[in-house]
Amino acid sequence: MLLSYAQDCFKIRGIINSMKYRFEHVNITKDFAKSLMQKGWVFDWSIMPNTDLEVINLSVFAGSVLEGLAYYAQDRKELYNFLYLLEIAPHNRGEGRINSDVAGVILAYVARDSIEAGFDGFVVFEPISVLRELYASKYGAKPIGNNRMYFDTQGAESLVRKYLERSQA
Amino acid sequence: MDMLAWQKEQFSRPQEVIDIRAIISKQAELGRVLTEEEVGAFIVGHRTAKDGFTKLFPAG
């Protein structure tokens, strides 16, 4: 088995344009990361961020299809979630993409996690330079000033309203 | 842009911890986004280095 699933059964699902997303925490093995790259994923998901914080993997599925991945951590001292890495599946990139809201769903999940952790929705991240404008215009991220961006409470709530919906699952 | 190289560079260095709320407060006070040097003053571990901080923000 390439993925070992955590026991969490999430009650939060993203519903966008009738597409239902579910979230899982998985441990990504080197073999699985390699297979992702062979399928066109860009990042090496077997490499972990250099941090003392507990890094959480977030996997987003539509049905059984992996739609996106993220690494983030809760910084309980500084009271924000730090988003290390986010990638959407190759079939969700470019002009022929199938789902265009996966990144938003991931951001909303991390923002909601920040709200529930008592961080007021704060999420900090350092996007690739070419995507900074997109994060600002499409998702409402604000610049900090040293290549980093953030979502505050208002931004987090906006993401959650737009991309997530509670279910009784 | 070599995204994989970017990831490896990002993940190879320790992530600096910043005081995001203090940065936002200072941005609001100044009415602009902070410079890289100014943000450095809010990196946890640096922010107690008062020489650098007070030089950048004499009023505190």
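Two strands are taken to pair when DSSP finds at least two bridges between them. The views below show a predicted model.

**Figure 1. Parallel pairing of strand 7 with strand 8 in chain A.** Strand 8 of chain A covers residues 123-125, and its parallel pairing with strand 7 of chain A runs over 3 bridges. Within this pairing, Phe82(A) has Val124(A) of strand 8 as its bridge partner. Helix 2 of chain A, residues 102-116, joins strand 7 and strand 8 in a β-α-β unit that is right-handed. Strand 7 spans residues 80-88 of chain A; because 9 of its 9 residues are buried, the strand is largely enclosed by the rest of the structure.

**Figure 2. The hairpin of strand 6 and strand 7 in chain A.** Strand 6 of chain A, residues 65-75, pairs with strand 7 of chain A in the antiparallel sense, and 8 bridges link the two. Among the bridged residues, Gln74(A) is matched with Asn81(A) of strand 7, and Asp75(A) is matched with Tyr80(A) of strand 7. The hairpin leaves 4 residues between its strands. Leu79(A) belongs to the loop that connects strand 6 and strand 7 of chain A. The phi of Leu79(A) is positive, near 65°, although the residue is other than glycine. With 16 other C-beta atoms within 10 Å, and the buried class beginning at 20, Leu79(A) is therefore partly exposed.

**Figure 3. The hairpin of strand 5 and strand 6 in chain A.** Strand 5 of chain A, residues 55-62, forms an antiparallel pair with strand 6 of chain A over 8 bridges. One of the matched pairs places Val55(A) opposite its bridge partner Ala73(A) in strand 6. This hairpin has 2 residues between the strands, and Gly63(A) adopts a positive phi near 65°. Strand 6 of chain A is mostly covered, with 9 of its 11 residues buried. In a regular strand, side chains alternate between the two faces of the sheet.

**Figure 4. The loop from helix 2 to strand 8 in chain A, with Asp120(A).** Asp120(A) sits in the loop that lies between helix 2 and strand 8 of chain A. Its phi is about 60°, a positive value, and Asp120(A) is not a glycine. Asp120(A) has 15 C-beta neighbours inside 10 Å, a count between the limits of 12 and 20, and so it counts as partly exposed. The strand that follows this loop, strand 8, closes the right-handed β-α-β unit with strand 7 and helix 2 of chain A.

**Figure 5. The largest nonpolar core, centred in this view on Ile106(A).** The core has 55 residues, of which Ala70(A), Ile106(A) and Val123(A) touch the most other members. Helix 2 of chain A is the element that gives the most to this core, contributing 9 residues. Leaving aside residues up to four places away in sequence, Ile106(A) touches Leu58(A), Val60(A), Gly68(A), Ala70(A) and Leu86(A).

**Figure 6. The side of chain B that touches chain A.** Chain B follows the pattern α-α-α-α along its sequence, with 4 helices and 0 strands. Of its 60 residues, 18% count as buried. In the contact between the chains, 24 residues of chain B meet 24 residues of chain A. On chain B, the elements that each give two or more residues to this side are helix 1 (3-12), helix 2 (20-30) and helix 3 (36-40). Helix 1 of chain B supplies the largest share, 8 residues. The composition of this side of chain B is 14 nonpolar, 5 polar and 5 charged residues.

**Figure 7. Confidence along chain A, with residues 1-11 in view.** The average pLDDT of chain A is 86, and 86% of the residues score at least 70. Over residues 1-11 of chain A, pLDDT remains under 50; the model has 17 contacts beyond four places in sequence for this segment. Where pLDDT is low, the predicted coordinates should not be read in detail.

Notes: Residues numbered from 1 in each chain as written. Chains lettered and ligands numbered in written order. Predicted model: local features only at pLDDT ≥ 70, side-chain atom pairs only at ≥ 80, totals over all residues. Contact = placed C-beta atoms within 7 Å. Nonpolar A, V, L, I, M, F, W, Y, C, P; charged D, E, K, R; others polar. Right-handed = clockwise from strand over helix to strand, strands pointing away. pLDDT = per-residue confidence, 0-100. Core = buried A, V, L, I, M, F, W, Y, C linked by C-beta atoms within 7 Å.
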